[in-house]
Amino acid sequence: MANDLFSQGVGIQEKSEKDDFDDKPDFKAAYNEDQALDPALNQRITDRFDRHIIPWLFGIWLLAFIDRSNIGNARIDGLATDLKLDGDKFNIALTVFYIPYILIDVPSNWVLKYFGAGHYLPGLLIAWGFVGMCTGFVKNYAGLVACRFFLGLCEGGLLGGMILYLSMFYRRHELLFRIGMFYCAAPLSGAFGGLLATGLAEIRHGGYNRWPWIFIVEGVITIAYGLVTIFFLPATPSHAKFLSEAEREAAVHRMGLDAHGATQASKVESEKFSWHWVRMAILNVNTIVLSLNFFAIITPIYSFSLFLPTIISSLGYSSVKAQLFTVPPNMAGFFAVILCTFLSDKINARGPIMIGCCSVAIIGYIMLLIKTRPLVHYGGTFLVAVGVFPSSPAVMGWLANNLAPHYVRATGTGLQIAIANCSAFIATFTYLKKDAPNYTTGHAINLGMLVFSLILSTTNITYCTWENRRRLRGERDYRLSEGDEGLLGYRHPSFRYTI
């Protein structure tokens with residue numbers, strides 16, 4: 001096997017650690033990740049993963065966000081009136097979604113590899129598509145709450161599972177752009193979902209008028225997509241039938257090289273669950289700081305996605321125009337995600353990208369807060385979308401880069417998303433009817449969260465730079481003599497944190 005790999009161009013180059021790292025904080029890689037790979041072979045493997053995995057994940061996430069946030073479109077197309085959602089009932093229905101969503105995150109990541117991610121992720125898709133479709137048939141508030149609960153239960157393991165899934169196939173500094181390539185579907189769902197809802201809300205048939213058809217049709221589409229996807233996603237690189245045997249071996253080999261001592265398992269299938277890995281994930285500084293950071297980021301993302309139609313309606317536009325005016329800001333967010341995640345992988349850094357994006361979003365919320373013309377407020381929604389949407393994949397990719405091996409990453413990523421989604425209990429109550437039309441309280445809360453994110457990003461950059469310098473100087477080499485080297489994970493002296 002080794003000879004086959006070397007004949008394909010995979011060769012180990014002898015380089016000292018001093019040659020690979022600079023003693024100053026450099027936003028280029030924390031290590032030279034190309035040191036043991038033939039670039040042509042690596043690129044060929046990456047390109048094939050891009051063609052055979054990313055499009056399916058893009059579709060899954062697009063439908064997930066549409067099915068999650070289409071309730072915002074349905075609200076202004078008669079849902080609130082028909083189901084008599086007076087007071088805070090609508091906001092409560094939104095909140096119920098996140099209770100099972102949060103509780104299922106970590107356990108779902110633990111079982112992802114056991115059931116095979118290639119079947120598990122599409123299975124979640126089929127399940128929530130069915131629940132989403134059933135939402136169109138509810139007749140009262142209790143039925144809506146029940147559907148939202150089960151929708152959260154089915155969707156809860158998705159995002160963490162997709163991040164974990166991609167981390168089995170892509171090296172650390174190839175990962176974020178691929179996260180961005182599926183995550184850009186989130187703002188696109190706002191644009192596409194708004195257009196789709198506008199058309200579906202015109203249907204009146206069989207006693208179901210307007211808003212039910214948004215849920216029914218979109219749910220059927222989701223189920224159909226899940227049934228197709230389940231036949232195409234490989235479980236791990238060694239199960240990728242679209243690679244040759246030599247390419248599969250090289251794909252597994254490159255992930256071992258990328259671990260830099262964090263695991264001694266030859267491939268991800270060989271790694272076993274242990275509570276040791278769970279403890280390591282929880283006690284990592286990155287897990288704590290970046291989970292809080294994601295909490296700060298996702299608050300404006302959720303409130304933006306759920307309430308953008310309402311915000312635009314408050315500017316004086318009709319229901320149909322409000323739906324259509326949600327499209328341009330979301331399209332701006334779509335392109336911003338692709339651009340920022342591409343740039344982040346190019347410079348091998350996450351923190352600087354997050355700081356820049358948060359700063360842009362802060363300006364957007366300031367524009368929404370000031371008393372001026374509606375056109376200025378509408379312009380502020382563009383800056384918010386451009387700032388907050390790229391920050392989400394950046395903070396998730398940052399933590400996934402800095403945790404290893406598999407079950408440490410599975411636990412940490414799941415915990416990060418669970419903690420972040422607790423922000424939904426804030427986000428769903430940031431834009432209340434009593435605050436219309438200015439929604440000053442909601443905008444101010446989101447502005448404060450973004451400032452909090454800036455502080456946390458700066459803190460984590462400082463910590464990772466400090467820790468990498470200590471490892472470079474050999475101040476963590478004592479860990480090699482403390483016990484089983486295979487249990488060190490990200491604590492291995494050769495492992496470097498991404499800035």
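**Figure 1. C357, a cysteine kept inside.** C357 has a relative accessible area of just 7%, so it counts as buried in this predicted model. What is the nearest cysteine sulfur to C357, and how far away is it? It belongs to C340 and sits 3.7 Å off, and C357 takes part in no disulfide. A disulfide needs the two sulfur atoms within 2.5 Å, and by this rule the count comes to zero disulfides. C154 is another cysteine to look at here: its relative accessibility is 13%, so C154 counts as buried too.

**Figure 2. Helices α4 and α7, side by side.** Here we zoom in on α4 (residues 54-82) and α7 (residues 141-155), whose axes lie 12 Å apart. The packing angle is about 155 degrees, and the two helices are therefore roughly antiparallel to each other. As for handedness, α4 passes α7 in a left-handed crossing. On the α4 side the contact is made by A64, D67, R68 and I71, while α7 brings L144, R148, L151 and E155. Sorted by class, that contact holds four nonpolar and four charged residues, with no polar ones.

**Figure 3. Helices α5 and α6 at a slant.** This pair is α5 (residues 89-115) and α6 (residues 117-135), with axes that come within 7 Å. How do the two axes cross? They do so at roughly 125 degrees, and α5 and α6 are therefore oblique to each other. From α5, the residues in the contact are S108, V111, L112 and F115; they meet A117, H119, Y120 and L121 of α6. The tally by class is six nonpolar, two polar and no charged.

**Figure 4. H443 and its surroundings.** H443 belongs to α21, the helix spanning residues 440-472. Is H443 buried or exposed? Its relative accessible area is 2%, so H443 is buried. Setting aside neighbours within four places in sequence, the residues touching H443 are I311, Y365, L368, L369, Y431 and N438.

**Figure 5. G379 in helix α18.** G379 is part of α18 (residues 374-401). With 23% relative accessibility, G379 counts as partly exposed. One residue to find alongside it is L368, which also appears among the contacts of H443. L368 and G379 are 11 residues apart in sequence, and their C-alpha atoms are 8.5 Å apart in space.

**Figure 6. Backbone oddities in three loops.** Start with the cis peptide bond that runs from A404 to P405, where omega is near 0 degrees. P405 is in the loop between α18 and α19 (406-421). Next comes K84, in the loop between α4 and α5. K84 is not a glycine, yet its phi is positive, at about 55 degrees. With 61% relative accessibility, K84 counts as exposed. R210, likewise not a glycine, has a positive phi near 70 degrees. R210 lies in the loop between β2 (208-209) and α11 (211-229), and is partly exposed, with a relative accessible area of 26%.

**Figure 7. Stepping back to the whole protein.** Zoomed out, the protein shows 21 helices and two strands. It has 499 residues, and 59% of them count as buried. How many of the contacts between residues at least 6 apart in sequence join residues at least 24 apart? The share is 83%.

Definitions and conventions
Residues numbered from 1 in each chain as written. Predicted model: local features only at pLDDT ≥ 70, side-chain atom pairs only at ≥ 80, totals over all residues. Heavy atoms only, no water. Axes fitted to C-alpha atoms, helices over the stretch in contact; angles between N-to-C directions. Helix = DSSP H or I, 4+ residues; strand = E, 2+ residues; numbered from the N terminus. Parallel < 35°, antiparallel > 145°, perpendicular 65-115°, else oblique. Left-handed = near helix turned anticlockwise from the far one by under 90°. Contact = heavy atoms within 4.5 Å. Nonpolar A, V, L, I, M, F, W, Y, C, P; charged D, E, K, R; others polar. Buried < 20%, exposed > 50% of the residue type's maximum accessible area, 1.4 Å probe, protein only.
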